[in-house]
Amino acid sequence: MKTVSLKIDNSIYDDLESVLANFKISRNRYINDAIRFYNDFQKRQILEIELEKESKLVSSESMKVLGEFSELDYVD
């Protein structure tokens, strides 16, 4: 486990202490959970950007293939 020293704005620290007063978890656990949650959020944001970029790269080819399929005659 790594040790990290950080400076927190007074208002954020006050909010943190207020929240912790209502829960039976340590400040350390709370901060670890918050960082994990934010990291997961950021990873999803990165994935969304990558997927949008990849989708744009193949969109014209996808539309071409879709057009070809729509021109096919289906026999029952």
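This tour moves through the pockets, a surface patch and the salt bridges of a predicted model.

**The largest pocket**

Begin with helix α2, residues 27-71, which gives seven residues to the lining of the largest pocket and thereby makes up the largest share of that lining. The pocket itself has a volume of about 370 Å³. To find its centre, select Val-4, Asn-28, Ile-31, Asn-32 and Ile-35, which are the closest to that point among the 14 lining residues. If you colour the lining by class, it separates into seven nonpolar, four polar and three charged residues.

**The second largest pocket**

Next, select Leu-6, Ile-8, Ile-12, Tyr-13, Asp-15, Leu-16, Tyr-30, Ile-31, Ala-34 and Ile-35, which line the second largest pocket. Its volume is about 230 Å³, and helices α1 and α2 each supply at least two residues of its lining. By class, this lining holds nine nonpolar residues and one charged residue, with no polar ones.

**The nonpolar patch**

Keep Leu-6, Ile-8, Ile-12 and Tyr-13 selected and add Val-4, since these five residues make a nonpolar surface patch of about 450 Å². Ile-8 is worth a pause here: it lies in the segment before α1, the helix that covers residues 10-20. Is Ile-8 buried or exposed? With a relative accessibility of 31%, Ile-8 counts as partly exposed.

**The salt bridges**

Now switch to the charged side chains, where the count comes to four salt bridges. Select Glu-17 and Arg-27 to see one of them, with an N to O distance of 2.8 Å. Because Glu-17 belongs to helix α1 and Arg-27 to helix α2, this pair ties together parts that are 10 residues apart in sequence. Both partners are partly exposed, Glu-17 at a relative accessible area of 28% and Arg-27 at 36%.

Moving along helix α2, select Arg-29 and Asp-33, whose side chains meet in a salt bridge at 3.1 Å, N to O. The two residues are four apart in that helix, about one turn, and they are partly exposed, with relative accessible areas of 35% for Arg-29 and 32% for Asp-33. Adding Arg-36 to the selection completes a network of salt bridges that links Arg-29, Asp-33 and Arg-36.

Finish at Glu-52 and Lys-56, where the side chains form a salt bridge of 3.4 Å, N to O. About one helical turn separates Glu-52 from Lys-56, because they are four residues apart in helix α2. Here the partners fall into two accessibility classes: Glu-52 is partly exposed at 43%, whereas Lys-56 is exposed at 58%.

Terms used. Residues numbered from 1 in each chain as written. Predicted model: local features only at pLDDT ≥ 70, side-chain atom pairs only at ≥ 80, totals over all residues. Heavy atoms only, no water. Patch = residues over 30% accessible without salt bridge, like charges linked within 9 Å, V, L, I, M, F, W, Y side chains within 5 Å. Areas by Shrake-Rupley, 256 points an atom, 1.4 Å probe, with all protein chains shown as cover. Buried < 20%, exposed > 50% of the residue type's maximum accessible area, 1.4 Å probe, protein only. 1 Å grid on protein atoms, 1.4 Å probe; cavity = no way out; pocket = protein on both sides within 12 Å on 5 of 7 lines; lining within 4 Å. Points joined across faces, edges and corners; volume = space filled by probe spheres on them. Nonpolar A, V, L, I, M, F, W, Y, C, P; charged D, E, K, R; others polar.
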